[in-house]
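Here is a walk through a protein model, from its overall make-up to a couple of residues inside. Have the coordinates open as you read.

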Amino acid sequence: MAVSLRKGVSLFRSQLCRYRTASCICKKTVHSSAQTDTRDNSGEEAQTHFGFQTVSEHEKAEKVYEVFHNVASTYDVMNDAMSGGVHRLWKDYFIERLGPTPGTTLIDVAGGTGDIAFRFLEYVRNQSVERDIQRGGTAAKGDGETGESLYQASSHVTVCDINQAMLDVGKSKALDRGQTAGMSWVRGNAECLPVGDNLYDAYTVAFGIRNMTHMDAVLSEAYRVLKPGGRFMCLEFSRVTNPLFRKIYDEYSFQVIPVMGQVIAADWKSYQYLVESIRQFPPQDEFVDRIKEAGFKVVTYENLMGGIAAIHSGFKL
Amino acid sequence: MFPVVPRGSEEDREDQVRERVLQSALNFVPQHGWSRNALIAGAEIEGLPSVAHGMFPRGGIELVLYFYASSNQKLADMLAAETRLSQDGRMQKKSTELFIRDALETRLRMLIPYLSKWPQAMGLMSLPWNAPEALENLKTVVNDIWFYAGDTSVDLNWYSKRVSVAGVYKSSELFMLQDSSDDFRETWSFMQRRINNVMKLGDLAGQMQPGSIDGVGTFMSGAIEIVSYILSLVPPSF
């Protein structure tokens, strides 16, 4: 039974993975994330964690899919409610740290609702207006054409998410904003991205990587699709360093957030998973090591709000 | 494609890439200032995507500190070569005063290509969180100059010598910013006068005998006058 299921999963994977290359590690599934995965020799499906539960790997993928399918419609409202709006500041800061310029190409993975993508385009648009002003002020004279066309012509963001429901939310937001140029929406698995090698200047993943089953596969894929010199950036919940603050934060997470989920989104379980999955994610330094193992250089991280979230960064050199 | 550096450890390679970006970015300082934009332009020239500026998360100050440190290194190499020549007897040994004067001029001349943006760099360096590194760099310049000038003191003079040369350097640097004379002639003569001040201070100190109080008054008034010149508290007479 387990074997046939796994065959099904790998069939599904190979269909997604059109750009199978030497560096694409779709086949190398389990042994890489040694901490959690223990495949025994009898061919049983490897185990991993889903929040605090131990589940088989394909089960995790399904459960994560279900969670995000359920929360997609209330995703933005819940983010605001849980973080008091702070997640917006984090994402703004995240893009500011990336500092893209007109012409930058970005792939935003697990970015279905477009939070990072819209901020990226907005930031680049402001940059190109600024550059125009410096170049002699066509934009300053009220003729925004030059800046607009420059940014439309070259900057591009590919939003990739495994979950169609999340992508749909993002697409409808794009329609509301009248934002069509410079964006494309792709459904795909981060462990096997449906794009070619060396294509992107930057790879971002915001609050997504902790839900992925094989983090090392995700990181290697990030490395593969980036251009040489390109930057990997990850915004993710992390470990609060101050013990006192951690206590308060834990209380808030476990006592308040699931209740909020129930009240606002009528969904306790998904938010229970959220707070549990945050605790399962490796702390800052350990994650740095994982990023380095994938081949990235100049790997650094920066804590936000005492480590509630952290920005990790690395370069393909 | 990005050229592959064949030898050296991975960290060496990281440093080499970073250094190449910084070196190229310096060419854009006159245009963009000591800023992220200069780093972006430098990264692009080196064939990297613009987002590679993220290797320098502190932005413009990293460029300033790199420029400062690499100029210090250049000066140290030149002074070492000069010292070797005079030790071999292939060049006449300069007096300490002249040696220091020439070294300071050489170092200040390195600022000329960036002079229009140098006030910005000084501003960045004086920010409290950048000041320790900036001071460290200043310390390196004066230390190198005294080292190659053959200073072997191990007493309090060690400090006073370094402080006084640092004072001459910083005040001449400030003077240079607003100097519009040919080839910065005014700056060099300003610097010479500050060096004369320092020498006078040294002479006065030399006249002080242990146990004597006769010279104390003269010494103190002279010293205060000179220190305030050096610190530019009082406009020096031209």
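How much area does chain A expose, and what share of it do carbon and sulfur atoms supply? About 13700 Å² is exposed by chain A, and 55% of that comes from carbon and sulfur atoms. Keep in mind that this is a predicted model.

## Overall make-up of chain A

Let's start with the parts list. Chain A has 11 helices and 9 strands. Its 317 residues include 55% that count as buried.

As for how the chain meets itself, take the contacts in chain A with a separation of 6 or more: 73% of them join residues 24 or more positions apart.

## A nonpolar patch on the surface

On the outside of chain A there is a nonpolar patch of about 440 Å², put together from A:V77, A:V259, A:V263, A:I264 and A:W268. Helix α9 of chain A, running over residues 243-265, is the biggest giver here, with 3 residues in the patch.

A:V259 is one to click on: it belongs to this patch and sits in helix α9 of chain A. Is A:V259 buried or partly exposed? A:V259 counts as partly exposed because its relative accessibility is 36%, and the partly exposed class runs from 20% to 50%.

## Where chain A meets chain B

Now for the partner chain. On the chain A side 21 residues are in contact, and they meet 20 residues of chain B. The size of an interface is often given as the accessible area lost when the parts come together. For chain A and chain B that area is about 1700 Å², with carbon and sulfur atoms giving 56% of it. Within chain A, the residues that lose the most area to chain B are A:P228, A:K297 and A:L317, which together make up 32% of what that side buries.

What about charged and polar pairs? The interface of chain A and chain B has 1 salt bridge. The side chains of A:E96 and B:R36 form a salt bridge, with 3.5 Å from N to O. Polar contacts between chain A and chain B come to 9 residue pairs, counting those with both residues at pLDDT 80 or more. On the chain A side, the elements giving two or more residues are helices α4 (86-98) and α5 (115-135), plus strands β6 (200-206), β7 (226-237) and β8 (297-304). Of these, β7(A) brings the largest share, 5 residues.

## Two methionines inside chain A

A:M166 lies in helix α7 of chain A, which spans residues 164-177. With a relative accessible area of 4%, A:M166 is buried, because anything under 20% gets that label. Which residues does A:M166 touch, leaving aside neighbours within four places in sequence? A:M166 is in contact with A:F68, A:A72, A:Y75, A:G112, A:T113 and A:D161. A:A72 is 94 residues away from A:M166 along the chain, yet their C-alpha atoms are 5.2 Å apart.

A:M212, on the other hand, is in a loop of chain A, between β6 and α8 (215-225). A:M212 also counts as buried, at 16% relative accessibility, so it falls under the 20% cut-off. Not counting residues up to four places away in sequence, A:M212 touches A:K60, A:V109, A:A110, A:A190, A:E191, A:V205 and A:V218. A:Q284 is 72 residues from A:M212 in sequence, and 17 Å lies between their C-alpha atoms.

Definitions and conventions. Residues numbered from 1 in each chain as written. Chains lettered and ligands numbered in written order. Predicted model: local features only at pLDDT ≥ 70, side-chain atom pairs only at ≥ 80, totals over all residues. Heavy atoms only, no water. Helix = DSSP H or I, 4+ residues; strand = E, 2+ residues; numbered from the N terminus. Buried < 20%, exposed > 50% of the residue type's maximum accessible area, 1.4 Å probe, protein only. Contact = heavy atoms within 4.5 Å. Areas by Shrake-Rupley, 256 points an atom, 1.4 Å probe, with all protein chains shown as cover. Patch = residues over 30% accessible without salt bridge, like charges linked within 9 Å, V, L, I, M, F, W, Y side chains within 5 Å. Salt bridge = Lys/Arg side-chain N within 4 Å of Asp/Glu carboxyl O. Buried area = accessible area lost by both parts, 1.4 Å probe. Polar contact = N/O pair within 3.5 Å; in protein donor to acceptor, adjacent residues only side chain to side chain.
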